[in-house]
Amino acid sequence: MLISCGAPVAGAWADPESLGAFAQRAEQLGYHGLWSFQRLLAGADQQLPPVYRSVLDPLIALTFAAARTSRVRLGVAVINIPYVSPAYLAKQAATLDVLSGGRLDLGLGTGWSAPEFVATGSDPHPRGRRLGEYLEVLRTLWNDPVASFEGELYRVPPSTMAPPPVQPGGPPVLLGGTADVALRRAGRLGAGWVSSSRLTFDEIARGAQIVRRAAEEAGRDPDAVRIVVRGVVRPGRRDDAVPLTGDWAQIRAGAQLYAEAGVTELFYDLNWDPLIGSPGADRRVARERAEEILIALAPSG
């Protein structure tokens, strides 16, 4: 199982100095990837966790990190597709892939925040058909000498998008979602599944089975499907129901449980630590705590 980490994109530590230094340090320590996430805005009356209150744009943040690194993968979990046209995202993703030398992993979801749907004039429905067409548009724009698409929700006139992504076929596209239908869709259509921070260990283990079973039923190699999990780390008191809690040895042992459940990549997302990812957190404390966790859980450690 690959070990990655969340990039500084939320709260007190989401600033240029922290993002650049953390990206370089993660690469030096042998982490496989850096992951960001998308949150456009928070409704004034929404009851949201602190991590969602102040968030950098995920692709711009990853581009900044790309300029400070040379090896570490750059992932977003996830871009919500109703907010942006597939042609626009295809250009953004191809550009980041070119500038990073082919290091982008693109996670897609259909969104859940009502204020964001209103603010972007978008509608997630019909979710399955929208996501399927969206993927087809991305793939034709990234791969076909003359791209075109005529769908129910999206259209692309015969055209060319250049430069193409560095990665053959374009950046791997992982799909989010927690419902069974979304899990099966990830197995059929995506490079794999990227989990939600809300899921328990048992739900992730079950989800991985559903994704792989759907891939096999679609004639794909289930062992080639990626299962990427956001790991919310809670150092301190051990909770046996939450694998990534306790002292460093217990957290490492908890990570191994995810590997045994079929997870292919676990990223420790420190943005979900309220002492790091909250807007009101002390910036110095956030940086020091993130550095401590990054070193303690480094894959080469």
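The following dialogue discusses how to read several features of a predicted protein model.

Biologist: Which radius of gyration would a compact globule with 301 residues have, and which does the protein have?

Modeller: For 301 residues, a compact globule would have a radius of gyration near 19 Å; the protein has 19 Å, so the two agree. Along the principal axes, the C-alpha atoms fill a box of roughly 55 × 40 × 40 Å.

Biologist: How many helices and strands does the protein have?

Modeller: The protein has 10 helices and 12 strands. Of the contacts with a separation of 6 or more, 69% are accounted for by residues 24 or more positions apart.

Biologist: How is the interior to be read, and what share of the residues is buried?

Modeller: In soluble globular proteins, nonpolar side chains tend to be buried together. Here, buried residues make up 54% of the 301 residues. The largest nonpolar core has 83 residues, and those with the most contacts inside it are Tyr31, Leu34, Leu106, Leu108 and Tyr268. Helix H5, residues 127–143, contributes the largest share of this core, 7 residues. Apart from this core lies another, of 7 residues, which includes Val78, Val194, Val228 and Phe267.

Biologist: Which residues are in contact with Tyr268, leaving aside its neighbours within four places in sequence?

Modeller: With those neighbours left aside, Tyr268 is in contact with Ile3, Ser4, Cys5, Gly6, Tyr31, Gly231, Val233, Leu244, Ile251, Ala255 and Leu297.

Biologist: What does the surface consist of, and how many charged side chains of each sign are there?

Modeller: The protein exposes about 13,000 Å², and carbon and sulfur atoms supply 53% of that area. There are 31 positive and 32 negative side chains, and the centres of the two sets lie 1 Å apart.

Biologist: Where is a cis peptide bond to be found, and what is its omega?

Modeller: A cis peptide bond joins His125 and Pro126, with omega about -5 degrees. Pro126 is placed in the loop between helix H4 (114–120) and H5. A cis peptide bond also joins Ala162 and Pro163, where omega is about 0 degrees. Pro163 is placed in the loop between strand S6 (155–159) and strand S7 (173–175).

Biologist: How should one classify a single residue, for instance Glu150: buried or exposed?

Modeller: The relative accessible area decides the class, and exposed means over 50%. Glu150 has a relative accessible area of 60% and is therefore exposed. Glu150 is found in strand S5, residues 147–150. Its C-alpha atom is 9.2 Å from that of Val137, and Glu150 and Val137 are 13 residues apart in sequence.

Biologist: What is the relative accessible area of Gln92?

Modeller: Values from 20% to 50% lie in between buried and exposed. Gln92, at 30%, is therefore partly exposed. The place of Gln92 is in helix H3, residues 86–100. Gln92 and Ala179 are 87 residues apart along the chain, and their C-alpha atoms are separated by 28 Å.

Biologist: How does one compare separation in sequence with separation in space for Thr178 and Ser196?

Modeller: Thr178 and Ser196 are 18 residues apart in sequence, while their C-alpha atoms are 7.2 Å apart in space. Thr178 is found in the loop between S7 and helix H6 (180–189). Leaving aside neighbours within four places in sequence, Thr178 is in contact with Leu183, Ser196, Arg198 and Leu199. The relative accessible area of Thr178 is 36%, so Thr178 is partly exposed.

Key
Residues numbered from 1 in each chain as written. Predicted model: local features only at pLDDT ≥ 70, side-chain atom pairs only at ≥ 80, totals over all residues. Heavy atoms only, no water. Core = buried A, V, L, I, M, F, W, Y, C linked by side-chain atoms within 4.5 Å. Buried < 20%, exposed > 50% of the residue type's maximum accessible area, 1.4 Å probe, protein only. Helix = DSSP H or I, 4+ residues; strand = E, 2+ residues; numbered from the N terminus. Contact = heavy atoms within 4.5 Å. Rg over C-alpha atoms; globule rule 2.2 N^0.38 Å. Areas by Shrake-Rupley, 256 points an atom, 1.4 Å probe, with all protein chains shown as cover. Lys, Arg positive; Asp, Glu negative; His and termini not counted. Charge placed at Lys NZ, Arg CZ, Asp CG, Glu CD.
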